[in-house]
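I sat down with this one to see how the chains are put together. My notes follow in the order I looked things up.

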Amino acid sequence: MLKRFLALAMAGTMALTMVGCGGSGAENDAAADDGSDVIKIGGIGPLTGDAASYGVSTKNGAEIAVQEINEAGGVEGKQLELLFEDDECDEQKSVNAYSTLMDQGINVLVGSVTSACSIAVSGESSQDGILQITPSGSAKECTATPNAFRICFTDPLQGQVMAEYIQQQGLSKAAVIYNNGDEYSKGIHDAFVAKFTEAGGEIVADESFTSGDVDFKTQLTKIKGSEADCLFLPFYYTEVAYVSEQAASLGLTLPMFGCDGWDGVIKQLNGDTTNIEGGTFLTPFVPTDPDEKIQAFVKKYNEKYGADPDQFAADGYDAIYAIKLAVEQTGGDLSNEALIDAMTKITLSGLTGDMTFDANGEPNKSAKVAVIENGAYTAKS
Amino acid sequence: MALVEIRQLGISFGGLRAVDNFNLTLEDGQLYGLIGPNGAGKTTIFNLLTGVYKPTDGEFYFDGELMNGKTPIQINKRGIARTFQNIRLFNNMSVIDNVKVGLQNRHNYSMAAGIFRLPKFGRMEKEMTERAMELLKIFDLDKEADQLASNLPYGKQRKLEIARALATEPKLLLLDEPAAGMNPNETAELMNTISLIREKFKVSILLIEHDMSLVMGICERIIVLLYGRVIADGLPDEIKNDPKVIVAYLGE
Amino acid sequence: MDFIQQFINGLSLGSIYALIALGYTMVYGIAKMLNFAHGDVIMVGAYVLSMAAVKAGLSPAMSIVFPVVICMLSCTVLGVTIEKIAYRPLRNASPLAVLITAIGVSYFLQSVALLIFGSNQRKVESVIPKFSVTLGEIHLSGEAITTLGVTVIIMICLALFINFTKVGKAMRAVSEDKGAAQLMGVNVNSTISLTFAIGSFLAAIASILFVSSYGFVGPYSGAMPGIKAFVAAVLGGIGSIPGAMLGGIILGIIESMSKAYISTELADAIVFSVLIIVLLVKPTGILGRKRITKV
Amino acid sequence: MKNKKNIIYAAIAIIVYLLIFTLVETGTASRQLQNLIVPVLVNIMLAVSLNLIVGFLGELTLGHAGFMSVGAYAGCLFTVNCHLPAVIELPIAFVIGGLTAAVFGFIIGIPALRLKGDYLAIVTLGFGEIIRSILNSLDIVGGSGGLKGIDKSSNYTVAYVLTIITLIVISNIIRSCHGRSIKAIRDNVIAAESVGVNVVYYKMFAFVLSAFFAGVAGVLYGQNLGIIKPATFDFNKSIEILVMVVLGGMGNIRGSIIAAIILTLLPELLRDLADYRMLFYALALILMMLFSSNPTLVEFRQRLFTRKKGGK
């Protein structure tokens, strides 16, 4: 009996703790106008679990931006504060994180880092009307609600651009491998296949794998037996590293092409790029870009986190600067309507390119092509 | 036809002939004993009669119906219930629930009645509780009705198993070593109980037992098994003096 | 040609599964528990290997031997420690409680690795000298040959050890009946500890060969191969040493073949369907011993 | 006596609802708590329904998330494609989700007739993975990106009503002759058969019923979140539900409820620990198992409590 009582008491106390810290959420709009000196920016992304590296990078990039802005005196006389919550790449946890942030009275939301979570959160955030900027949610639906904006490219766009690019190189028989368990990869793949065939090319091998796979020899063997003249790999660098090494061990030497998820592959391979030399991918951000702004960011990131930033970090960084511009545009008005309206008026010259945002929340920016050469990324326009 | 008619029943496990040419006729209300040294095939016969094993040859008629190939559940529904050599109770259920599971064979209500607590549920549950308590009283278990079955002492567990078997309202009751592990007092008490349930429930009984005082005391006829074959079949006094039986038990 | 290459791909994948499955089966066979953390011990082993390899700077031969020995030692110690802290107190508890604890240990190792090494995968240099055999269009990598060879040798050694040594006999006794084994003078606790030591030693070997074949390790690297190997062990008949080998190889070949000739998307579904069909036909797996319930 | 108990339960159910109602409608509860009400209720439904198989039938399954996903997809696919008023649409969706999951429960129940213990566990795990990998490659349900654009038409009242229905149905079944048959199978299959318990029927029944409620919980989950994707319903989700059942006590419905509440709220309360959250969860898991199952510790705990209870 006592045990049961204790358990019940525990459950009750837990619930009460949450009641106790309540209240502030309901008065969110009031908090926005109370003239406090802080602009609270909520961030959501996976900090643990399989996708943790994306969330951690985004958070790090955003923190650098916040630090820079604050050191330069803040925005419209206010300091920025970043509150970042973990969602483990789970939609329910992402919404939970959002509610937690709302309780803390955030003014703007950066997140979520991944597509499905971002969509789930926008279901809630659109009801609150708060400005939501997803740094890297690339699925089409991420910006479906009027309050949602994004920094990165959409998946279909990347697929189309790469299909055109590859054909410009005079290649017409593509072999594709994609991650069937990942929407990002599948989205690029679908658009790529459609565009490539439409433009007269041929997909001679269309293979997939699932998240967590490390063995790609079967798919590569099949591709080797096909007449492919190039290999399109629209997925993240982790798997790209596996594929490049295994392709080499099977004696498969086709030119390789990829998407912005490739960023980070050189570090993954410990700088040994023999097997992926000449690999070309679309990216908004290359850390070796001589651009002054980018070099300054890379330096700071290295000092603070002891690693080279990837595209996620750059997206996070840009998201914060987009908010800064929006606040400046409104002249310090932090109401949701004003901020959302301001987003379409700003021009951000960010790490991932110069961009403006349309009313649908999509960024207009140009893509850069990066080539892996001699152990480094080389920007190519 | 008699209640039980078994003709040339046999079973082989691979090359091993566990039971061979077993014949038995049991009339309504009779009490037979099945004895023999360990490994003679006594429990195997119980398993054949209750459908746990399928006989490889022979026939088994119960109440005029061929039982070969029937499942344990079907056989129980026809009116055969048993106990087990190594006690098999529903250990994590209360004593009364153990009996109720047996009663459910005849007393039942629909799923809907159970979920929506329809009047039939209350009526049947009340009836089952009453019947179960009656049965428990016979075995002097009524005070332990709400205890967990596993908390009962050994002797009472054996009794509960019999009560549960009786709850299915069988015409034939198979008791597998009911007195195993009991002291002489408890055995004597058990003998009385067995006689009592014969009277009260009009049930035929076939029992396996090593305790000769019990077997000789209550069985009407005794069958002796050795290596899967019947070596003697007769009245207790005949068996007692049968030289083949003495050899089987004591050696030459 | 393609078919043979795909078969070889399946074989090399399967031998990795088989190697991990041997560890699962060993522990399950003796201690009768599913050590869900086995895959994560492999992950830890791979991290240790990567650190030891970096810190070495010794002669060429030593630079291989040193990390390997360190990796084996730390995995073995880790396995025995886990057994002592988490599993031993639950020796007589319900199998479910032990299973949940094992899952807890698995989560624990993953989150510790995440905290220490971060979420990025880390490259681990192969300790197996690079070589490969090419026959016409067929490629056989050195790692695949080594893995297959090592797995076969280990399987034979394990089978001999279990069947013909005194300690092996004690293990089998514990597996049959802990209580009776204790009465016969077998030290149950130390026997099970030894089982875990061997199981974790196998995990160390698996981690060495795994990272040599695939080259990378992350905090969650052990989870998926762990589950696949567990499936392999069950497929072959969990508790049976040749069964683990057979199950692993079959699983690898099925996976590779279905990816090659049916559908890459549904390969996992096919693998699990085969498992279910095999178990429905033979409930204890291909080489599993039939258990008879005595009535 | 029995009636009195039922009245108390009904009273508790109403009081709890009123409490939630007041907390939410007056805005006393934080957003975080308001938002957690439905997930907690979903988890209660999942844990209680799994308890039917694991606790009462005594079979170990690791594929409960599979039932949940099938139900979620079936129910939500219906709401996405039919544009009826929520009052009509929602109940139909729950029934469709539940029934579809029940069909899968029947299919997965078949191996349960032949397999036991760890073997059944791995087969159910396999079933879960098969379902997931098929959902991943089915474009009509959105593939790996998940099913999007589900109307978020459910709310805490709907969830509460469903949870209460689940609790009533399952606990009434458990305390009826059907429940006794299920428990009898758990305790001793051979004895159960010997007294005429239809083992095949009741095993199937438990799987089907459990899957049904898991399916309904899945629909609720989807309707609450607006998006479902296959990766959510992986092996780890099944484990999460199983942990709730085991911690709450096998065959203990009240325990499952409490464990579901604690285990859903705990990670949220531990948010401040950020990176260390999973570590704490893992440690809590191990320690709780040690405390609930280690003989020495159990004895110690019992001694402690008996003394407090005045030597009962």
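These entries go from chain contacts to single chains, then to sheets and helix pairs.

**Entry 1: which chains touch**

First note to self: this is a predicted model. I started with the chain pairs and found five that touch, with the most contacts between chains A and D. Then I checked chain A against chain B. Those two do not touch, and their nearest C-alpha atoms sit 18 Å apart.

**Entry 2: chain D**

I counted secondary structure in chain D and got 13 helices and zero strands. Reading from the N terminus, I just wrote α for every element.

Next I looked at overall dimensions. The C-alpha atoms of chain D fill a box of roughly 60 × 50 × 45 Å along the principal axes. Does the radius of gyration of chain D agree or disagree with a compact globule? For 312 residues the globule value would be near 20 Å, and chain D has 20 Å, so the two agree. I also noted that 61% of the 312 residues count as buried. Taking contacts in chain D with a separation of 6 or more, I found that 79% come from residues 24 or more positions apart.

**Entry 3: chain C overall**

Chain C is a mix: I find eleven helices and four strands. Its C-alpha trace spans about 60 × 45 × 35 Å along the principal axes. I ran the globule check here as well. With 295 residues, a radius of gyration near 19 Å would be expected of a compact globule, and chain C has 19 Å, which agrees. Burial comes out at 57% of the 295 residues. Of the contacts in chain C between residues at least 6 apart in sequence, 76% join residues at least 24 apart.

**Entry 4: helix H5 of chain C and its partners**

I picked helix H5 (residues 142-164) of chain C and looked at what packs on it. One partner is helix H8 (residues 188-214) of chain C, at an angle of about 165° and with the axes 9 Å apart. H5(C) and H8(C) are therefore roughly antiparallel. Their crossing is left-handed. On the H5(C) side I listed C:Glu143, C:Thr146, C:Thr147, C:Val150 and C:Ile154 as making the contact. From H8(C) come C:Leu202, C:Ile205, C:Leu209, C:Ser212 and C:Ser213.

Another partner is helix H10 (residues 241-261) of chain C. The axes of H5(C) and H10(C) come within 9 Å and cross at roughly 160°. That makes this pair roughly antiparallel too. H5(C) passes H10(C) in a right-handed crossing. Here H5(C) contributes C:Thr151, C:Met155, C:Leu158, C:Ala159 and C:Ile162, and H10(C) contributes C:Ile241, C:Pro242 and C:Met245.

**Entry 5: the six-stranded sheet of chain B**

I traced the strand order in chain B as E6-E7-E8-E3-E9-E10, an open sheet with mixed pairing. Strand E6 (80-82) and strand E10 (229-234) are the edges, each pairing on one side only. From one strand to the next the twist averages 20°.

I then zoomed in on strand E3 (residues 31-35) and strand E8 (residues 204-208) of chain B, which run parallel and are joined by four bridges. B:Leu31 has B:Ile205 as its bridge partner in E8(B).

What lies across E3, E6, E7, E8 and E9 of chain B? I found helix H1 (residues 42-49) of chain B there, running at about 150° to E7(B).

**Entry 6: a hairpin in chain B**

Strand E1 (residues 4-13) and strand E2 (residues 16-26) of chain B pair in the antiparallel sense over seven bridges. One pairing I wrote down is B:Ile11, whose bridge partner in E2(B) is B:Val19. The hairpin has two residues between the strands, and B:Gly14 takes a positive phi near 60° there.

**Entry 7: the seven-stranded sheet of chain A**

Last stop was chain A. Seven strands form an open sheet in the order E7-E6-E8-E9-E10-E14-E15, and the pairing is mixed. At the edges I have strand E7 (202-209) and strand E15 (376-380), each pairing on one side only. The twist averages 25° from one strand to the next.

Within this sheet I checked strand E9 (residues 256-258) and strand E10 (residues 280-283) of chain A, which pair in the parallel sense over two bridges. The bridge partner of A:Gly258 in E10(A) is A:Phe281.

Key. Residues numbered from 1 in each chain as written. Chains lettered and ligands numbered in written order. Predicted model: local features only at pLDDT ≥ 70, side-chain atom pairs only at ≥ 80, totals over all residues. Pairing = 2+ DSSP bridges. Axes fitted to C-alpha atoms, helices over the stretch in contact; angles between N-to-C directions. Contact = placed C-beta atoms within 7 Å. Rg over C-alpha atoms; globule rule 2.2 N^0.38 Å. Buried ≥ 20, exposed ≤ 12 C-beta atoms within 10 Å, placed from the backbone. Parallel < 35°, antiparallel > 145°, perpendicular 65-115°, else oblique. Left-handed = near helix turned anticlockwise from the far one by under 90°.
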